[in-house]
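Reader: I have a protein model open on my screen, and I would like to learn how to read it. Could you walk me through it, please?

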Amino acid sequence: MDNSSEVREFLTSRRAKITPQQAGLPAAGRRRVKGLRREEVAMLAGVSAEYYARMERGNLSGTSEAVLNSLAAALQLDESERAHLMDLARTASTTRKPARRRSPQPIRPALQQLLDAMTEAPAFIRNGRLDILATNRLGKALYWPVFQDPTRPVNLARFQFLNPDAAEYMTELDYQQSASAALLRTEAGQDPYNRDLSDLIGELSTRSEDFRSLWAAHDVRLHRTGLKRFHHPAVGDLTLAFEGLPIPNDPGLTLTAMSAEPGSASHDGLRLLASWAATLDQSEQPNSEIADDPHGAHRP
């Protein structure tokens, strides 16, 4: 992924989202551009029009943090967008490194023990590429349809965009797809030389029109909390609150745990799911197949 193109398209897309009224500027006269003009962004950021034009052409090299913060304020960037801008600027100011593959990140035994101790909450650990690296029994049961895809590693984005069963299993698939594309875009900004990530993005771009459209929007997201809705083949509809918790001692890994409101139908559904999980073949427990083929070599 070319940093200059990423910078140019990100800044252009954010500028197009801000109306003069939102920026506190008069909207008089005919406007040929969607959103703000370049010179308006420059004025709001306190830089010259020439300097902003240079940045929007894709050159953030050497841009100070103060200017980046002023630009973020002018474009009304949220927390995730501001962090993405800083990531792009950091990449622009460093010597380009060759694309490299990531070695499979091992899950420490203590983390698996923690997952296994969570007996009433579905939980899993993922990386920034959205590979599921470990689960507890209830998490494996909840994501059973995802695990039925033979491609390894188990990947949430690949399932959502390429598996025809995703629409029935994920009842808000459009939202899930949007979140996944934004998470991958965020990860690409943080780790632009990750060849495994680039390969996944290339695969999804080639095979999914929905992904191409979402990727072109340049949206980014910090997916820390919210609701997930499923139609599970064994227990029916589930609405679960989730918390995504970065693991400080394992950079790049996130532990996601889910729960249902006590007394709700989904709470009863989780109990039923736990009973169903107990009947699964012990040979199909989470880590027996998650780590196989870390680069997806054994594809159908």
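Author: Gladly! Let us begin at one small spot: just after H5, Gln76 takes a positive phi of about 55°. The names of helices (H or I, at least four residues) and strands (E, at least two) come from DSSP runs, numbered from the N terminus. This is a predicted model, in which local features need pLDDT of at least 70 and side-chain atom pairs count only at pLDDT 80 or more, while totals for chains, interfaces and linings use all residues. Residues are numbered from 1 along each chain as its sequence is written, and side-chain values use heavy atoms, with hydrogens and water left out.

Reader: Which residues of helix H5 are buried?

Author: Buried means under 20% relative accessible area, exposed over 50%, and partly exposed in between (1.4 Å probe, protein chains only). In H5, which covers residues 65-74, the buried ones are Val67, Leu68, Leu71, Ala72 and Ala74. Looking down the axis of H5, these buried residues fall within an arc of 160°, so they line one face of the helix. The arc is taken from the directions that lead from the helix axis to the C-beta atoms. Glu65 and Ala66, on the other side of H5, are exposed.

Reader: Why do residues a few places apart point the same way in a helix?

Author: An α-helix has 3.6 residues a turn, so residues three or four places apart point the same way.

Reader: And what do the buried residues of H5 pack against?

Author: They pack against helices H1 (3-17), H3 (38-45), H4 (49-56) and H6 (79-92). Contact here means heavy atoms within 4.5 Å.

Reader: Let me try another helix. How many residues does H15 have, and how far does it reach?

Author: The expected span of a helix is 1.5 Å times one less than its number of residues. H15 (residues 265-278) has 14 residues and reaches 20 Å from its first C-alpha to its last, close to the 20 Å expected. Its buried residues are Ser266, Gly269, Leu270, Leu273 and Ala277. They cover an arc of only 105° around the axis, which puts them on the same side of H15. Ala265 and Arg271 are exposed on the other side of H15.

Reader: What covers that buried side of H15?

Author: The cover includes helix H8 (137-142) and the strands E3 (225-232), E4 (236-246) and E5 (254-259).

Reader: That brings in strands. How do the strands of a sheet pair?

Author: Strands of a sheet pair through backbone hydrogen bonds, either parallel or antiparallel. Two strands count as paired if DSSP finds at least two bridges between them. In this model, five strands form an open sheet in the order E2-E1-E5-E4-E3, with antiparallel pairing. The edge strands are E2 (132-135) and E3, each of which pairs on one side only. On average, neighbouring strands of this sheet are turned by 30° against each other, direction ignored.

Reader: Which bridges could I look for on my screen?

Author: Start with E3 and E4, which pair over eight bridges in the antiparallel sense and are joined by a hairpin of three residues. Thr225 has Glu243 in E4 as its bridge partner. E4 and E5 run antiparallel and are joined by six bridges; there, Phe242 stands opposite Met258 in E5. E1 (residues 123-126) pairs with E5 over four bridges, with Ala123 facing its bridge partner Ala257 and Arg126 standing opposite Thr254.

Reader: Why is E5 called largely enclosed?

Author: Five of the six residues of E5 are buried, so the rest of the structure largely encloses this strand. Helix H7 (residues 109-117) lies across E1, E2 and E5, running at about 55° to E2. Such angles run from 0 to 180 degrees between N-to-C directions, and the axes are lines fitted to C-alpha atoms, for helices over the stretch in contact.

Reader: Is Arg152 buried or exposed?

Author: At 8% relative accessibility, Arg152 counts as buried. Arg152 sits in the loop between helices H9 (144-147) and H10 (156-162). A polar contact is a pair of N or O atoms within 3.5 Å; within protein, one must be able to donate a hydrogen and the other to accept it, and residues adjacent in sequence count only if both atoms are side-chain atoms. The side chain of Arg152 reaches the backbone oxygen of Phe147 at 3.1 Å, and one of its polar atoms lies 2.5 Å from the backbone oxygen of Asp149.
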